[in-house]
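I am opening my notebook on a single chain, and I want to write down what I looked up, going from the whole fold to single residues.

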Amino acid sequence: MSIRPPQIYYRPDAAQDPLSAALQHEIFNEKASTLGRLQKKLEIALTQLEHAKTLHPKDEELIGEKLAVAREALWFVTIQRELCGLIRHKPYYDHMNVPKDVRLHMGPIAGKR
């Protein structure tokens, strides 16, 4: 036995419903604006990481903090990009000059609540 979604998803006139179209447009706008905000946070985190590496190359604790923030910011951006349907991340990472240590260990900051 197979399970099928409701027939409303298969009707050609369902896509023409103005309320549904308006809702889909609003959802798309929210996704895009969230991606923009998260990308700005990533840019700031990467800039702060580079400044920390340049100005304080021996301060491992400071660099570690900035690295953790950049990894988390990249993780958030990656998730939001996937929600927007953007699944090819390597060209984006290359364009943003994301360091490999940030790419390889992106994720939430450990112990953060």
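I began with the order of the elements, and reading from the N terminus I noted α-α-α-α. The model in front of me is a predicted one, and my tally of its secondary structure came to four helices and zero strands.

Next I looked up how the chain is packed. Of its 113 residues, 23% are buried. I also looked at contacts with a separation of 6 or more, and found that 69% of them join residues 24 or more positions apart. For the accessible surface of the chain I wrote down about 8700 Å², with 59% of that area belonging to carbon and sulfur atoms.

Then I turned to charge on the surface, and asked myself which residues gather in a patch of negative charge. I found Asp59, Glu60, Glu61 and Glu65 there. I followed up one of them, Glu65, and placed it in helix H2, which covers residues 60-83. Is Glu65 buried or exposed? Its relative accessible area is 44%, so I entered Glu65 as partly exposed, because that class lies between the limits of 20% and 50%.

My last entry concerns Ala110, which I located in the segment after helix H4 (100-104). Ala110 has a relative accessible area of 75%, and therefore I recorded it as exposed, the cut-off being over 50%. I also checked how far Ala110 lies from Glu72, and noted that the two are 38 residues apart in sequence, while their C-alpha atoms are 9.7 Å apart in space.

Methods. Residues numbered from 1 in each chain as written. Predicted model: local features only at pLDDT ≥ 70, side-chain atom pairs only at ≥ 80, totals over all residues. Heavy atoms only, no water. Patch = residues over 30% accessible without salt bridge, like charges linked within 9 Å, V, L, I, M, F, W, Y side chains within 5 Å. Areas by Shrake-Rupley, 256 points an atom, 1.4 Å probe, with all protein chains shown as cover. Salt bridge = Lys/Arg side-chain N within 4 Å of Asp/Glu carboxyl O. Lys, Arg positive; Asp, Glu negative; His and termini not counted. Charge placed at Lys NZ, Arg CZ, Asp CG, Glu CD. Helix = DSSP H or I, 4+ residues; strand = E, 2+ residues; numbered from the N terminus. Buried < 20%, exposed > 50% of the residue type's maximum accessible area, 1.4 Å probe, protein only. Contact = heavy atoms within 4.5 Å.
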